[in-house]
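Got the viewer open and a selection box ready? Let's walk through this one stop at a time.

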Amino acid sequence: MSKVFESIKQGLLEAIAHASGQPSTAIVHSPQPIDVKAIRKQVGMTQMEFAAAFGISVSTLRHWERGDRIPQRPARVLLRVVAKAPHAVLSALATPGDREGTPPPGTKEPLGQPGTDRRGPRTSVVPA
């Protein structure tokens, strides 16, 4: 048999052993836990604000925060980016008519100086 087949066979046997709880030589990569509540508090939003701003249902957010469920692939990526650059995510998710790059009303400004982001001070525009 070919080397490729033997490699695939070996990998499958290791995966089966690992899945059944038997000792194996498989290298298992477990993702680091994400503290969703800490991320939300760091951004300075309520559950309702956070869920609305980032397109997550409030119910799902509550399950994540309690630990009943764990965010999976795309949600993990979103949460990690929100933790590092919330204003960038808010800006990217802004729809026409939103004040681009600004958090929803009532949210705190935990990053940098109040009322600023990397582009400098923000000014509020109130329609006449």
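Start by selecting R40. This arginine is buried, because its relative accessible area is 8% and the cut-off for buried is under 20%. Keep in mind as you click around that the model is predicted.

R40 sits in helix α2. Show everything around R40, skip residues up to four places away in sequence, and you'll find M45, T46, Q47, F50, L61 and E65 in contact. For a longer reach, add P86: R40 and P86 are 46 residues apart in sequence, yet their C-alpha atoms lie 9.8 Å from each other.

Which residue does the R40 side chain meet in a salt bridge? Select E65: the N to O distance is 2.5 Å. This pair links distant parts of the chain, since R40 belongs to helix α2 and E65 to helix α4, 25 residues apart. Both partners are buried.

The structure holds 2 salt bridges, so hop over to R66 and D68 for another one. Their closest N and O atoms are 2.7 Å apart. Here R66 is exposed, at 54% relative accessible area, and D68 counts as partly exposed at 48%.

While you're there, pick H63, which is in helix α4. Buried or exposed? H63 is buried, with a relative accessible area of 18%. Leaving out residues up to four places away in sequence, H63 touches D68 and R69.

Now zoom out and color by secondary structure. The protein chain has 6 helices and 2 strands, and reading along the sequence gives α-α-α-α-α-α-β-β. Buried residues make up 29% of its 128 residues. Of the contacts with a separation of 6 or more, 45% are between residues 24 or more positions apart. Turn on the surface if you like: the accessible area comes to about 9300 Å², and 59% of that belongs to carbon and sulfur atoms.

Next, select α5, residues 73–84. At 1.5 Å a residue, its 12 residues should span 16 Å, and the end C-alpha atoms are 17 Å apart, which agrees. Highlight A75, R76, L79 and V82, the buried residues of this helix. Look down the α5 axis and these buried residues fall within an arc of 130°, so they line one face of the helix. The general rule behind this kind of view is that an α-helix has 3.6 residues a turn, so residues three or four places apart point the same way.

What does α5 carry on the face turned away from its buried side? Select R73, P74, V77 and K84, which are exposed. Flip back to the buried residues of α5 and you'll see them pack against α2 (36–43), α3 (47–54), α4 (58–66) and α6 (86–93).

Last stop: the largest nonpolar core, which has 17 residues. The members touching the most other members are M45, F50, F54, L61, W64, L79 and V82. Elements giving two or more residues to this core are α2, α3, α4, α5 and α6, with α3 giving the most, 4 residues.

Finish by centering on F50. Beyond residues up to four places away in sequence, F50 touches I39, R40, V43, M45, I56, L61, L79 and V82. That list takes you back to R40, where the tour began.

Key
Residues are numbered from 1 along each chain as its sequence is written. This is a predicted model: local features need pLDDT of at least 70, side-chain atom pairs count only at pLDDT 80 or more; totals for chains, interfaces and linings use all residues. Side-chain values use heavy atoms; hydrogens and water are left out. The expected span of a helix is 1.5 Å times one less than its number of residues. Buried means under 20% relative accessible area, exposed over 50%, partly exposed in between (1.4 Å probe, protein chains only). The arc is that of the directions from the helix axis to the C-beta atoms. Contact means heavy atoms within 4.5 Å. A nonpolar core is a set of buried Ala, Val, Leu, Ile, Met, Phe, Trp, Tyr and Cys residues joined through side-chain atoms within 4.5 Å. Accessible areas come from the Shrake-Rupley method with a 1.4 Å probe; for residues, only the protein chains shown count as cover. A salt bridge is a side-chain nitrogen of Lys or Arg within 4 Å of a carboxyl oxygen of Asp or Glu.
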